[in-house]
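Let's take a walk through a protein model together. Keep the picture open beside you as you read.

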Amino acid sequence: MNPCPRCRQLVVYMTPQCPHCGQIFGGAGVDDPAMRMLLPVGRTPLSIIAGYLGILSLFLVFGPLALAVGIWAIVDLKHKPGKHGLGRAIFAVVMGGLATILLGVVLLFG
């Protein structure tokens, strides 16, 4: 355990962000791709939401919303080049697009 440089609360060693004050630690695994897969460090909120909506698009009614938020997240990421989350946004666009097509087929023929 180490103290956070900002709030001085004890934090588990190698934690990328202080759970008490939100301070991001530079050398604590933030640049590690494996750590970024587990924790939403450096991702935009829109890309995180888009990723979850992409999963929820398995229930077809969330498809159009996943598609829209995924596109919005991609546009947002273009304006924030230092941020991550493009994979989640693309996943939302693909899943949302497929779910929207299937929803349309179900509504037309079902």
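We will start with one helix, move into the core, and finish with a pair of charged residues.

Keep in mind that this is a predicted model. Begin with helix H4, which covers residues 86-109. How far apart should the ends of its 24 residues be? At 1.5 Å a residue, the helix should span 34 Å, and its end C-alpha atoms are indeed 34 Å apart, so the expectation and the model agree.

Now look at which parts of H4 are hidden. Its buried residues are Ala-89, Ala-92, Met-95, Gly-96, Gly-97, Ala-99 and Leu-103. Among the elements that cover them are helix H2 (45-56) and helix H3 (63-78).

These helices meet again in the largest nonpolar core, a group of 9 residues: Leu-46, Ala-50, Leu-53, Ala-66, Val-69, Ala-73, Leu-77, Ala-89 and Ala-92. H2, H3 and H4 are the elements that each give two or more residues to this core, and H3 contributes the most, with 4. In soluble globular proteins, nonpolar side chains tend to be buried together. To explore one member, find Leu-53: leaving aside residues up to four places away in sequence, Leu-53 touches Phe-62, Leu-65, Ala-66 and Val-69.

Finally, turn to charge. Side chains of opposite charge can pair when their charged atoms come close. The structure holds 1 salt bridge, and it joins Lys-80 to Asp-76, with the closest N and O atoms 3.3 Å apart. Are these two partners buried or exposed? Lys-80 is partly exposed, at a relative accessible area of 36%, while Asp-76 is buried, at 17%.

Conventions. Residues are numbered from 1 along each chain as its sequence is written. This is a predicted model: local features need pLDDT of at least 70, side-chain atom pairs count only at pLDDT 80 or more; totals for chains, interfaces and linings use all residues. Side-chain values use heavy atoms; hydrogens and water are left out. The expected span of a helix is 1.5 Å times one less than its number of residues. Buried means under 20% relative accessible area, exposed over 50%, partly exposed in between (1.4 Å probe, protein chains only). Contact means heavy atoms within 4.5 Å. A salt bridge is a side-chain nitrogen of Lys or Arg within 4 Å of a carboxyl oxygen of Asp or Glu. A nonpolar core is a set of buried Ala, Val, Leu, Ile, Met, Phe, Trp, Tyr and Cys residues joined through side-chain atoms within 4.5 Å.
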